Amino acid sequence: MSFLKDLTASPSYNPNRVLDAIISKLQLKNDAALSRALEVAPPVISKIRHNTLPIGATILIRMHEISDYSIRELRELMTH
């Protein structure tokens, strides 16, 4: 199994932490502003928030690019 599949299956996985951390760091207003910053459709953020779509590699890299969080920091935010 891949790292992301293992991660999202973990009971400690919480994508809201990473989304909220990026919103806070970039001083964004809401999920719609985050979706624009990440250049994804708003439903993608909603699906990630509701744990029906995992944070994939492409979005993880984009999160890194816009936030300056390291990939390691982003992964830790997802599980702590």
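**Close-up views of a six-helix predicted model**

Ser70 is partly exposed, because its relative accessible area of 27% falls between the limits for buried and exposed residues. The model shown in these views is a predicted one.

**View 1. Ser70 in the loop that joins two helices**
Ser70 sits in the loop between H5 and helix H6, the latter running over residues 71-79. Although Ser70 and Leu60 are 10 residues apart in sequence, their C-alpha atoms are 9.8 Å apart in space.

**View 2. The buried side of helix H6**
Within H6, the residues Leu74, Met78 and Thr79 are buried. Around the helix axis they cover an arc of only 130°, and they therefore lie on the same side of H6. As a general point, an α-helix has 3.6 residues a turn, so residues three or four places apart point the same way.

**View 3. Helix H2 packed against helix H5**
Two packed helices are described by the angle between their axes and by the distance between those axes. For H2 (residues 15-25) and H5 (residues 57-67), the angle is about 25° and the axes are 10 Å apart. Because angles under 35 degrees count as roughly parallel, H2 is roughly parallel to H5. The crossing of these two helices, H2 and H5, is left-handed. On the H2 side the contact is made by Val18, Leu19, Ile22 and Lys25, while H5 contributes Met63, Ile66 and Ser67. Sorted by character, the residues of this contact between H2 and H5 comprise five nonpolar, one polar and one charged.

**View 4. Helix H2 crossing helix H4**
The axes of H2 and helix H4, which spans residues 42-49, come within 8 Å of each other and cross at roughly 135°. H2 and H4 are therefore oblique to each other. From H2, the residues that make the contact are Pro15, Asn16, Leu19, Asp20 and Ile23, and from H4 they are Ile45, Ile48 and Arg49. The residues of this contact of H2 with H4 divide into five nonpolar, one polar and two charged.

**View 5. Ser35, a buried residue of helix H3**
Ser35 belongs to helix H3, which covers residues 31-38. Its relative accessibility is 2%, and because buried means under 20%, Ser35 counts as buried. When residues up to four places away in sequence are not counted, Ser35 touches Val40, Ala41, Pro42 and Ile45.

**View 6. Two loop residues with positive phi, Glu39 and Asn51**
Most residues other than glycine have a negative phi. Glu39, although it is not a glycine, has a positive phi of about 60°, and Asn51, also a residue other than glycine, has a positive phi near 60°. Glu39 is found in the loop between H3 and H4, whereas Asn51 is found in the loop between H4 and H5. With a relative accessibility of 63%, Glu39 counts as exposed, while Asn51, at 42%, counts as partly exposed.

**View 7. The whole chain, for orientation**
The secondary structure of the protein comes to six helices and zero strands, and along the sequence the pattern reads α-α-α-α-α-α. Of the 80 residues, 31% count as buried. Among the contacts between residues at least 6 apart in sequence, 59% join residues that are at least 24 apart.

Terms used
Residues are numbered from 1 along each chain as its sequence is written. This is a predicted model: local features need pLDDT of at least 70, side-chain atom pairs count only at pLDDT 80 or more; totals for chains, interfaces and linings use all residues. Side-chain values use heavy atoms; hydrogens and water are left out. Axes are lines fitted to C-alpha atoms, for helices over the stretch in contact, and angles run from 0 to 180 degrees between N-to-C directions. Helices (H or I, at least four residues) and strands (E, at least two) are DSSP runs, numbered from the N terminus. Angles under 35 degrees count as roughly parallel, over 145 as roughly antiparallel, 65 to 115 as roughly perpendicular and the rest as oblique. A crossing is left-handed if the near helix is turned anticlockwise from the far one by less than a right angle, and right-handed if clockwise. Contact means heavy atoms within 4.5 Å. Ala, Val, Leu, Ile, Met, Phe, Trp, Tyr, Cys and Pro count as nonpolar, Asp, Glu, Lys and Arg as charged, and the others, Gly among them, as polar. Buried means under 20% relative accessible area, exposed over 50%, partly exposed in between (1.4 Å probe, protein chains only). The arc is that of the directions from the helix axis to the C-beta atoms.
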